[in-house]
Amino acid sequence: MSDKTDLTHEKSKIVNGMPASPGIGAGKPWIFPRKGASVQPEKISDNQTESEITHFNQAVEKIENQFRQMADEADDTEIKKIIESQLLVLHDPELHKSVIRKIKKEHFTAVFSIFDALNEYITMLESADAVWARERTIDIVSIRDQLVMAVQQKEQEEFQLDGSVVFAAELSPTEMISLSRSKISGIVLHKGGLTSHAVILAQSLGIPCVVGVNWSKLNPNQHEHVILDGDQGEVVFSPDSAMQKKIDERGIRQEKVRKEALKWAGLPSETKCGHKFTIRANVEFENELPRIKTHGADGVGLLRTETLLLRAKDFDVKEQIAFYKKVLASADNKPVIIRLFDAGGDKLLDNYETEANPFLGWRGVRMLLDEQKLLEQQVEAIVRVSADYKGEVKIMVPMISTLTEVDRMKDVVESVKEKLIKDGVITDVHIPFGIMVEVPAVAMMANEFAKKVDFFSIGTNDLTQYTLAVDRGNEKISKLFRPSHPAIWRMIKLIKEGADSASIPVSVCGEMASVSEYAACFIGMGINELSMTTNQIPMVKMALRKSELKNLEKLAEDVCSSGSVKETEEIFSNWKKQRV
Amino acid sequence: MITRKVTIQNEAGLHARPSSELVKTATMFESDFFIEMYGYRVNGKSILGIMTLAAEKGAEMELIVDGPDEEDAMEAISKLFNESFGNE
């Protein structure tokens, strides 16, 4: 950590954010310019108005050409749609009238007229009640800045960007696309969640990205070199040689393992001794679908629907059916487990009142049962799709904590189904009905719940958080979030025993399933179905294929009888060592 | 000039995608097109204007079309509203 060995005058610094798009990127920091504050209300004389209007028209034409070129190069329909809507803004007749009026009547420069005219809309959108309107603001801001720069004849310095790490507060989709045309090494964002357009595009463009880093006070420009790790969510400023080495090694290792593991993707899921298991994919975005096949998943073990529903904002049945069908087509006649909308009220309602404890609050099934229309529309879409893909679709309900919720949800599914049969829309179809086990109360009474449902899926993130009473988003206590805590493993054992008592299958779809040593332990416990993010599938499959069932069983036995976190962690780390 | 009253039926209101559809359709016609909502009038060919309405489900608005092809235009525009912008 010494700055003496460092050539720059700034000290090394490590900052943690949220991992958003995998891979390691390194380079010179480059701060994305927001022109906003620097435009002054300058006046022009009468005889300059015509030339200022020409400048404006040329700027529009220039940006239009850039957009059209981007659309031509993109092979993604989502990207084309985004650009199309940006073009509508660029050619907005009222915007043009307003800019020209400001130049002609008020004698402002083209730059200020553009700036002022768009800011009027930006202010209105920022204060809109509807979330979608507020979210569009960044798109309008980006058009404003592009036009301003075009009139000022300032090129976006694309050619200098190669190899640099981009720092931005947030990015619009078109900014993201245009950045990706230069060979940038990575992106660090302050705002923008994991589901923002920018992040989704970073993932599909293969650009490492970390979000949630408030970098403005860190003066990235003062540093010569920055490294970001999109797998860990780490940003390192002016790394010293030891840090650099560590990250380089980690990068090489991650890349090597990824490549090596991919070779295992297509092989059958069975241990060295021939014991069969199943690995399915956790899927949230459409662009992940091709990886179901390339990464060797046996169908989809967890289809997250909240992003789809939130982005569409209409929970309309037709759009949902289209999405589910795409997923089923990609799953190649293998099962797809659709988890009903799993989010808190904060995601759904604009006039939502903040809860003191959102994770203990109105979310998952609790919200679904109160929002009948949303629930019925989603169930209808799922039922209609399963009529076309018989035996492949399963329904999974999140955040169950009581048996009554199970009964009520089953009633909803039945009544939706009956109505559709009565209306002649579908013929009868059996849709397996399962629940997420993520609340300790359900684990404790797993045998009772098992009598009422067709399958369990263990959501380890929430189960860990609720069992250990640790909010892992809280930095002060995040060290206490330990999936290796024996209490978690004993809880999982209870769930498995409960499921066995009614002979229903159990799977694990939380993050723990994607960690090879935990996955090994699950198989050893007799939990033969795992579901994880597609990128991790080859690695886990490789580790399990190299193992003997009897060793996995021994591992599970040791872990479940362990008396402390320390002991469990030793068991896992020994197991890893033996494997290497 | 012809006018017609419509109600937004989309669950999420007249959000980004329906606004784009509306502008694209309106722009195909020569006639002027305005939307009036709660005493506030915007140019229906302006995506920015429509977005600032932030019209929610159940919002009532008056469509005003004026020009040589006003009947065809009104027909095409009303159809979008009646079919909830192709969402049903």
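In this predicted model, the side chains of R339(A) and E306(A) are joined by a polar contact of 3.0 Å. R339(A) sits in strand β12 of chain A, which covers residues 336–339. With a relative accessible area of just 6%, R339(A) is buried, since anything under 20% counts as buried. Setting aside neighbours within four places in sequence, R339(A) is in contact with a run of residues that includes L302(A), L303(A), R304(A), T305(A) and E306(A). Q378(A), M396(A), P398(A) and M436(A) are also in contact with R339(A). As for G301(A), its C-alpha lies 9.1 Å from that of R339(A), with the two positions 38 residues apart in sequence.

E517(A) is another charged residue of chain A to look at, and it belongs to helix α21, residues 516–524. E517(A) has a relative accessible area of 12%, so it is buried too. Not counting residues up to four places away in sequence, E517(A) touches L555(A), F572(A), W575(A) and K576(A).

Salt bridges come next. Over all chains, the structure holds 32 of them. One of these, within chain A, pairs D388(A) with K325(A), and the closest N and O atoms are 3.0 Å apart. This pair ties together distant parts of the chain: D388(A) is in helix α15 (residues 372–388), K325(A) is in helix α12 (residues 317–331), and 63 residues separate them. K325(A) counts as partly exposed because its relative accessibility is 30%.

A salt bridge between E249(A) and K245(A), at 3.7 Å from N to O, is set up in another way. Both residues belong to helix α9 of chain A (residues 241–262), and they are four residues apart, so about one helical turn separates them. E249(A) is partly exposed at 39% relative accessibility, while K245(A), at 55%, counts as exposed.

Chain B has a salt bridge within a helix as well. E21(B) pairs with K24(B), the closest N and O atoms being 3.7 Å apart. The two lie three residues apart in helix α1 of chain B, which is about one turn of the helix. E21(B) is partly exposed, with a relative accessible area of 30%, and K24(B) is partly exposed at 31%. The story goes beyond chain B, though: E84(A), E21(B) and K24(B) are linked in a network of salt bridges.

That leads to the contact between the chains. Chain B puts in 25 residues and chain A puts in 26 residues. The area buried between them is about 2200 Å², and carbon and sulfur atoms give 61% of it. Two salt bridges are counted between chain B and chain A. A salt bridge between E319(A) and R17(B) brings their side chains to 3.2 Å, N to O. Six residue pairs are in polar contact between the two chains, counting pairs with both residues at pLDDT 80 or more. On the chain B side, the elements giving two or more residues to the contact are α1 (16–27), β3 (40–43) and α2 (47–53). By class, that side of chain B has nine nonpolar, nine polar and seven charged residues.

As for chain B itself, three helices and four strands make it up. Read from the N terminus, these elements run β-α-β-β-α-β-α. Its C-alpha trace spans about 35 × 30 × 20 Å along the principal axes. A compact globule of 88 residues would have a radius of gyration near 12 Å, and the 11 Å of chain B agrees with that. Buried residues make up 57% of the 88 residues in chain B. Many of the contacts in chain B bridge long stretches of sequence: among those between residues at least 6 apart, 66% join residues at least 24 apart.

Definitions and conventions. Residues numbered from 1 in each chain as written. Chains lettered and ligands numbered in written order. Predicted model: local features only at pLDDT ≥ 70, side-chain atom pairs only at ≥ 80, totals over all residues. Heavy atoms only, no water. Contact = heavy atoms within 4.5 Å. Buried area = accessible area lost by both parts, 1.4 Å probe. Salt bridge = Lys/Arg side-chain N within 4 Å of Asp/Glu carboxyl O. Polar contact = N/O pair within 3.5 Å; in protein donor to acceptor, adjacent residues only side chain to side chain. Rg over C-alpha atoms; globule rule 2.2 N^0.38 Å. Buried < 20%, exposed > 50% of the residue type's maximum accessible area, 1.4 Å probe, protein only.
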